[in-house]
Amino acid sequence: MAEAHPVGFQWVMEAKGRGAKVFHVDPRFTRTSALADTYLPIRAGSDIALLGGIVRYILENELDFREYVLAYTNAATIVSDEFVDTEDLDGLFSGYDPRTHTYNERSWQYVGQEETTGYRAADRERDTAAGLRHESHGIPVGGQVRRDETLQHPRCVYQILKRHYSRYTPEMVERVCGIPHEKFLELARAWTENSGRERTGVLIYSVGWTQHTVGVQYIRTGAIIQLLLGNMGRPGGGVLALRGHASIQGSTDIPTLFNLLPGYLPMPNCHNHATFTDWVDSIRHPGQKGFWANARAFGASLLKAYWGDAATPENDFCYDYLPRMTGDHGTYQTVLNMIDGKVKGYFLLGQNPAVGSAHGKAQRLGMANLDWLVVRDLFMIESATFWKNSPEVETGEIVPEECRTEVFFIPAASHVEKEGTFTQTQRLLQWREKALDPPGDARSELWFFYHLGRIIRQKLAASDKPRDRAVRDLKWDYPTHGDLAEPSAEAVLKEINGYEVATGRPLSAFTEAKDDGSTAIGCWIYTGVYADGVNQAARRKSRHEQDWVAAEWGWAWPANRRILYNRASADPEGRPWSERKQYVWWDADKGEWTGYDVPDFEKKKPPTYRPPEGATGVQGLAGDDAFIMQGDGKGWLYVPSGLQDGPMPTHYEPAESPMRNPLYGQQANPTRKVYDNPINSVNPSPPQPHSDVFPYVFTVSRLTEHHTAGGMSRTVPRLAELQPEMFVEVSPELAGELGLAHLGWAHLISGRAAIEARVLVTDRLTPLRLDGRVIHQVWLPYHFGREGIVTGDSVNDLFGITLDPNVLIQESKVGTCDIRPGRRPTGPALLELVDDYRRRAEMTGGRPPIVTTDASEREVG
Amino acid sequence: MIEANSLYGPLDPAPDAGWDEAGPRMGFFTDTSVCIGCKACEVACKEWNGVPDSGFDLLGMSYDNTGALTANSWRHVAFIEQPRPAGHRTPPFAGDPTGPAVSPASAAAAAGTVNETGTTPGVPPGDPQAAARMAAGPEFLGMPGAQPPGRSTGAESRTDFRWLMMSDVCKHCTHAACLDVCPTGSLFRTEFGTVVVQEDICNGCGYCISACPYGVIDQRKGDGRAWKCTLCYDRLGAGMTPACAQACPTESIQFGPLDELRERAAQRVAVLHERGVPEARLYGHDPTDGVGGDGAFFLLLDEPEVYGLPPDPVVTTRDLPKMWKRAGLAALAMAAAAVAAFVGGSS
């Protein structure tokens, strides 16, 4: 955190100053470790084993916050007797289909609800990362569930969880992660001792956690711990993601993703969403409990914001103008499609995939096979110059004179040269003013897209082709100002907020959304940010002039609520769990919920409310169903549906690992997304032969001094001079084994590429003892490329493409490689070196074996 | 016995320099125990003061690629890797299959690197033995060995480790030798008690460079003038905080009236001692030390030498009055001898 988020780390230092104990788990000793009280070196890619060990520690020692767990989680819920755990299937759950490498979730359901999921094409859902749409609202399940409040039923979630993690002992954690068990226990004790009625703990992760084939399940394991310890919905608790850039939260809320529309409405799919009603019904699930009954109004209001007067109830608000997904349109599939000549043009906006994305060669070869490429950035970056100075030019794979791609480089305004909002990890929107005009031809994104749209619409004005209607009918009328005709960002914010179509009055809450075309809302979860015609995100009331929740600084979605599910900060009867941690509570005299924050509950629903038989929608939620967006109102320790790779996190080895999975015959995530493409390959891992060709584990991350792919730091002298060269950090033990000298050169080889780096031999890296053998890990920064003041090879070139099945994020935080002293060869000799390794590892193309246990043959359901 | 005077001993420098209505003396307290090594101070300083780059060399001195304070680096963050316990902490590598520590050997190898900073004397190559000693700490028993890092075969294994970080800066001494020796009056004492070079007066004579007991002030090549931290004189004049202190995310760099900072620092040391960090100590806070106390002082977690700081700095002009006295006496004696020679010769 000190490395990648030094400004946020000040709060950790502040907590430390007040006596907090800081633990840091990381493959290498970083600037964070330097300030931590306890540092735990870990093998990259083994976090579920560590966290699963904590879950076991909590359950075996009964350290869970029992009243909270009983009231607010699904611990007591009884699961179908068709369910079979990984303990009995050697690492697979019941329902696995070895043909499609996906699960049928039927057997994972709560008992009696096996039929409610209906048919689900899991492979299709994986292609479209369908799990992402649950980010804001959870997955519906039937309302009435069977529970055992004593938690003794062998198929209640509590017991299933306990059995699932029973082998994640401190000794097993040591075998899998390389963390000595005394240190593990120190961590487990501290975490549990600092949670409960009087205390809460927060789990903060950075997005490196997401870049694994089991990334979603990493975070799930953290969430299970936080639920068991009663750390959700309470002040000082939660699971927070430190994002990699400003406003990455904003770019999922109003997404730059292929499978979502604003406010986590799913992008329509050609298979399931033929009509507007099909689409909204797939969101609101008529007949089930929860807050999604209004989906029709959110969908209609979004389409009304897009197409204005053209969108009417009679034409389903122009629903047919929306593109439909036909399968995987994710970034990696798109790149492979470019290589195959199926993509003609590409926009890159503040993104540098030639350096920042996994399998750099695939990225560059893809971009070299386009008709046109638009790059908007502050500086000339590798993704704009790959055609003349990439590694492939040296090896002859790209010939500048013959490269067909026409590259348009368009200078962009930086964040201080334009106005707008950032949304941070707590969902807080903060408006920022423009400090100065952008230099020269640089323009804001808003300017670029508004005027691009305006010009395209002009060109199509006379068109009578049906395919052009969607563009011609767009509502595209933002006011502009100044010499540059900059569109008004406030006008855009007002549209995002939503307004009454007839009067233009900004809406105050998403409950005002209508499904009859009388409201237009750009992003329903942001409704309220422009309430009363005031830019609420621009509020800057000092913390000294308001209480500690600081509700008048900026604006948080939804409804300016700072902590989600904060009903859980009170006990089932509505009283604060403790005076120290009081936050939101039931005021019996007034008959309403009150507190420091906006209650995340129906204001007038008493804690004693029990739904009548057969109640659906919001009425179906009881007065103690704190997790109101979940179908059963409970926090999910066990996920009966919505995840591709199982209802409970399970340790699988990374797609590339030098180790056999010590826990199960199933080596790696059996549902991970793999691509059969000649350009892609995966280094062999046990039980495949030849994993010894790539014996070392490498992991990559950031340095404080640089920013992501380096486009904004290698180009700036004051930053570039601080870390001026690509390097690899190695332990003294590995340096001795390989003959690497401090400040000398080494090159690293994977099945995709070979890169070189200067060597830093440092005590900060350590070998680990795992399952009786010593494993060496090296670390590299991923900031370097061929452009800028300081240059170097890109470590992301070493990675292949294997993705998490839930969200299609690549595994780019752990891989295997070989390391040799000295510089790498250049030109065609470089290709020969990599080919030689591929021959020795028998990497003949095709996907690696996915199922590595025969247990699936005796699976159930 | 050295007597206190304008060149030595406790003193409030601004009034001494003739500022009749000077406010409180302002300075920095740099608490290295909360430094996270982010280098925001280095960047903010360069950005505000328009300081040029100081070279693009990988120095291998841990994460320090600036090397030292120079004319082109007015804040400098030192990184020291040591196989030593951090007092209160669980040993980071306990239980791991480690061999002997390499940090002294890596530091020694790095000491041989030269950084072309665009300044003179800039950052000359270091002394490998001294560098190894810094990394090893007080228990260092000799040279790190002839083998390349990691090759040694000692049976001992490393378990302890700490990574010290420290943002260094001009000390703005009470008795600033640079100022004392400046022949042009370019270096002067401000109303805040700080020491500033006036770039339009400096003639590049370089006397200040050899006078500084900390090796801070340095000359820019091509331009020839001496440059160093001004404690953001322009910002102070406008009632603002210096750029480095403003940018520091963890309040490792604190700016304020020196008296207050000294009080705060003493409390911080007491807190750290109480929390089991006996190594915590102040450096440059004492008005009775060899430079009359620093306007920029530090909380360190080891001996000053480990951070590359002189353990007992003395203002190089301390003995100037005595030297002049002696020189005067010598001149008189010479004159007397000459007279005597003439007198004697004529007899």
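Here are a few short exercises on a predicted model with two chains, A and B.

**Exercise 1.** Work out why the radius of gyration of chain A agrees with that of a compact globule.

*Solution.* Start with the length: chain A has 861 residues. Next, take the rule for a compact globule, which puts the radius of gyration near 29 Å for that many residues. Now look at the value for chain A, 27 Å, which agrees with the rule. To finish the picture, the C-alpha trace of chain A spans about 75 × 70 × 55 Å along its principal axes.

**Exercise 2.** Find how many helices and strands each chain has, and what share of its residues is buried.

*Solution.* Take chain A to begin with: you should get 24 helices and 30 strands. Count a residue as buried if 20 or more other C-beta atoms lie within 10 Å of its own; in chain A that gives 54% of the 861 residues. Then move on to chain B, with ten helices and eleven strands. Of the 347 residues in chain B, 50% are buried.

**Exercise 3.** Describe the side of chain A that touches chain B.

*Solution.* Begin with the contacts: 50 residues of chain A meet 48 residues of chain B. Then see which elements of chain A supply at least two residues each; among them are α1 (9-17), α9 (181-193), α23 (732-738) and β25 (754-761). Last, sort this side of chain A by class: you'll find 28 nonpolar, nine polar and 13 charged residues.

How values were computed: Residues numbered from 1 in each chain as written. Chains lettered and ligands numbered in written order. Predicted model: local features only at pLDDT ≥ 70, side-chain atom pairs only at ≥ 80, totals over all residues. Helix = DSSP H or I, 4+ residues; strand = E, 2+ residues; numbered from the N terminus. Rg over C-alpha atoms; globule rule 2.2 N^0.38 Å. Buried ≥ 20, exposed ≤ 12 C-beta atoms within 10 Å, placed from the backbone. Contact = placed C-beta atoms within 7 Å. Nonpolar A, V, L, I, M, F, W, Y, C, P; charged D, E, K, R; others polar.
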